[in-house]
Amino acid sequence: MEMRALIVDPDAPGSLRLGMVAEPDPAPDQLLLDVRHISLNRGEVAFAGLRPAGTVHGYDASGVVLRAAADGSGPAAGTKVAAFGAGAWAQRMAVDTFSVAEVPAGVDLADAAALPMAGISALRTLRSRDILGRRVLITGAAGGVGRYAIQLAALGGAHVIASVGSAPRKAGLAELGAHQVMVGLEDIDRPVDLILDTVGGSQLTAAWQLLAPGGDVQSIGWASDEPAVFAAHSLFSLGPSKTISTFGDVRAVGPDLATLLEFVAAGRLSPEVGWRGSLEQIAVATKALLDRSIAGKAVLDIAD
């Protein structure tokens, strides 16, 4: 059988277009998901054209289990779940059972779709250090990862500093839990203990200078598309080592995804869906993401 999907097409706007492809054939440890909603991440859209033409793109989805995994693992057919895995932007998705989490009662499936990639990135990078009573700087804080990171860092007892690229992007971040909201980094007058950086480039090198001894920069993204040039001797630091850490561990995300969903169900985490539309509006959604005119996440609804 065939299904509708968002596939890579270098000649299409945002390198993505609606097309028809064969339904996936799940492995024994995968379930088949009837996808109801997907969410887009700016990085996925920006780099879609680098993947082979015809690839079903995307990683974030939510829906209802159509067929449980053959090996008996994971949720039963009919269960509402959020999922993280390749090939998510389609009517059907084959996904590992350890990369899904049941959606609690009262949580909208569309909100659940917004969580996986950005939420896991924020949660796991914040867990890399003890943040209780520490100063945490989040760059690119108005984006999907940033908005989740602000809320989770505040829940963890951190003093949260949110940095954005322009004044209009500051809107709503204090209400999410940021203690300081600023454009750029110039107004930070005390060292910080942990930095979640999604910008890269010159801002990464500037952020490094703000890091306290023993602190860490978690490099999550590189939205600037600019190289980071460190001045000679600028990596030398007395005292406990300062570090820059890469992030890309998205293995077995089910338990962490369940944690995020529980926070949403309890009213402790806002899904921050800044734009929602139909699958047919993919060109509108991708342009808005690339133009940074969306605050938070973009979610598309998939109708049968």
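Two residues are in contact when heavy atoms of one lie within 4.5 Å of heavy atoms of the other. With that in mind, begin with the whole chain of this predicted model: among the contacts in the protein with a separation of 6 or more, 67% are between residues 24 or more positions apart.

**The whole chain**

Show the protein as a cartoon, and the secondary structure comes to 8 helices and 15 strands. The radius of gyration is 19 Å, close to the 19 Å that the globule rule gives for 304 residues, so the protein is as compact as a globular protein of that length. Turned along its principal axes, the set of C-alpha atoms fills a box of roughly 60 × 40 × 30 Å. If you switch on the surface, about 13000 Å² is exposed, and carbon and sulfur atoms supply 54% of that area, while buried residues make up 53% of the 304 residues. Colouring by charge brings out 24 positive and 32 negative charges, whose mean positions are 4 Å apart.

**Strand 3 and its partners**

Select residues 30-40, which form strand 3, together with residues 92-96, which form strand 6; the two strands pair in the antiparallel sense over 5 bridges. At one of these places Gln30 stands opposite Asp96 of strand 6. Strand 6 is largely enclosed by the rest of the structure, because 4 of its 5 residues are buried.

Now keep strand 3 in view and add strand 15, residues 297-301, which is joined to strand 3 by 4 bridges and runs antiparallel to it. Here Leu40 is the residue that stands opposite Ala298 in strand 15. Strand 15 is also mostly covered, with 4 of its 5 residues buried. Which way do strand 14 and strand 15 run, parallel or antiparallel? Select residues 273-278 to bring up strand 14, and you will find that it runs parallel to strand 15, with 5 bridges joining the two; Val273 has Lys297 as its bridge partner in strand 15.

**Helix 3 and the loop before it**

Move next to residues 116-126, which form helix 3, a helix that is mostly covered, since 10 of its 11 residues are buried. The buried residues of helix 3 include Pro116, Ile120, Leu123, Arg124 and Leu126.

Then select Leu115, which is found in the loop between helix 2 (109-113) and helix 3. Leu115 has 1% relative accessibility and therefore counts as buried. Leaving aside residues up to four places away in sequence, Leu115 touches Ile120, Tyr148, Leu257, Leu260, Leu261, Val264 and Leu269. For a sense of distance, draw a line from the C-alpha of Leu115 to that of Ala288: the two residues are 173 residues apart in sequence and 19 Å apart in space.

**Asp197 and Gln203**

Finish with two residues, starting with Asp197, which lies in strand 11 (residues 192-197). Is Asp197 buried or exposed? At 0% relative accessibility, Asp197 counts as buried. Beyond residues up to four places away in sequence, Asp197 touches Thr139, Leu204, Val217, Gln218, Ser219, Ile220 and Gly221, and its C-alpha atom is separated by 6.8 Å from that of Val217, which is 20 residues away along the chain.

The last stop is Gln203, in helix 6 (residues 201-209). Gln203 has 19% relative accessibility, and because buried means under 20%, Gln203 counts as buried. With the same residues close in sequence left out, Gln203 touches Thr139, Ser163, Gly184 and Leu185, and Thr139 is also among the residues that Asp197 touches.

Technical notes: Residues are numbered from 1 along each chain as its sequence is written. This is a predicted model: local features need pLDDT of at least 70, side-chain atom pairs count only at pLDDT 80 or more; totals for chains, interfaces and linings use all residues. Side-chain values use heavy atoms; hydrogens and water are left out. Buried means under 20% relative accessible area, exposed over 50%, partly exposed in between (1.4 Å probe, protein chains only). The radius of gyration is taken over C-alpha atoms; the globule rule is 2.2 Å times the number of residues to the power 0.38. Accessible areas come from the Shrake-Rupley method with a 1.4 Å probe; for residues, only the protein chains shown count as cover. Lys and Arg count as positive and Asp and Glu as negative; His and the chain ends are not counted. The place of a charge is taken as NZ of Lys, CZ of Arg, CG of Asp or CD of Glu. Two strands pair if DSSP finds at least two bridges between them.
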